[in-house]
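Me: I've got this one up on my screen and I'd like to talk it through with you. Can we go a piece at a time?

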Amino acid sequence: MEQQELSVWRIWVDPRQRIVSFHPVEGFELLEFRDRVLFFRCVDEYTRQQYRYQ
């Protein structure tokens with residue numbers, strides 16, 4: 001049986017400046033998700049909290 005490759009969704013967050021990035025940014029905290037629904041819930045929550053995206 002072949003092993004299925006798992007998808008990983010990543011965002012980088014700076015809670016001090018309230019910024020979320022979809023690409024690596026030095027000094028930002030990396031968050032990884034293996035569940036697409038959880039990833040989008042997290043993005044929705046940052047939007048609700050009025051984080052900026054870059």
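Me: Leaving aside residues up to four places away in sequence, which residues does W9 touch?
Reply: Keep in mind that this is a predicted model. W9 has its place in strand 1. Not counting residues up to four places away in sequence, W9 touches L31, E32, F33, R34, D35, R36 and F39.

Me: Is W9 buried, partly exposed or exposed?
Reply: Buried would need under 20% relative accessible area, and exposed would need over 50%. W9 comes out at 26% relative accessibility, so W9 counts as partly exposed.

Me: How far apart are the C-alpha atoms of W9 and D44?
Reply: Along the chain, W9 and D44 are 35 residues apart. In space, the separation of their C-alpha atoms is 14 Å.

Me: Which strand pairs with strand 1 over 5 bridges, and in what sense?
Reply: Strand 1 covers residues 9-14, and its partner here covers residues 29-33. One place to see the pairing is R10, which stands opposite E32. The sense is antiparallel, and the partner is strand 3.

Me: What joins the side chains of R10 and E32, and at what N to O distance?
Reply: Side chains of opposite charge can pair when their charged atoms come close. R10 is in strand 1 and E32 in strand 3, 22 residues apart, so the pair links distant parts of the chain. R10 is partly exposed at 39% relative accessibility, and E32 is partly exposed too, with a relative accessible area of 38%. What joins their side chains is a salt bridge, with an N to O distance of 2.8 Å.

Me: The structure holds 2 salt bridges; which residue does E45 form one with?
Reply: E45 and its partner are 3 residues apart in helix 1 (residues 36-48), so about one helical turn separates them. E45 counts as partly exposed at 29% relative accessibility, whereas the partner counts as exposed at 59%. The closest N and O atoms are 2.6 Å apart, and the partner is R48.

Me: Back to the strands: what is the bridge partner of D14 in strand 2?
Reply: Strand 2 spans residues 19-21 and pairs with strand 1 in the antiparallel sense over 3 bridges. Within strand 2, the bridge partner of D14 is I19.

Me: And which residue takes a positive phi in the hairpin of strand 1 and strand 2?
Reply: That hairpin has 4 residues between the strands. The phi in question is near 60°, and the residue that takes it is R18.

Methods: Residues numbered from 1 in each chain as written. Predicted model: local features only at pLDDT ≥ 70, side-chain atom pairs only at ≥ 80, totals over all residues. Heavy atoms only, no water. Pairing = 2+ DSSP bridges. Helix = DSSP H or I, 4+ residues; strand = E, 2+ residues; numbered from the N terminus. Salt bridge = Lys/Arg side-chain N within 4 Å of Asp/Glu carboxyl O. Buried < 20%, exposed > 50% of the residue type's maximum accessible area, 1.4 Å probe, protein only. Contact = heavy atoms within 4.5 Å.
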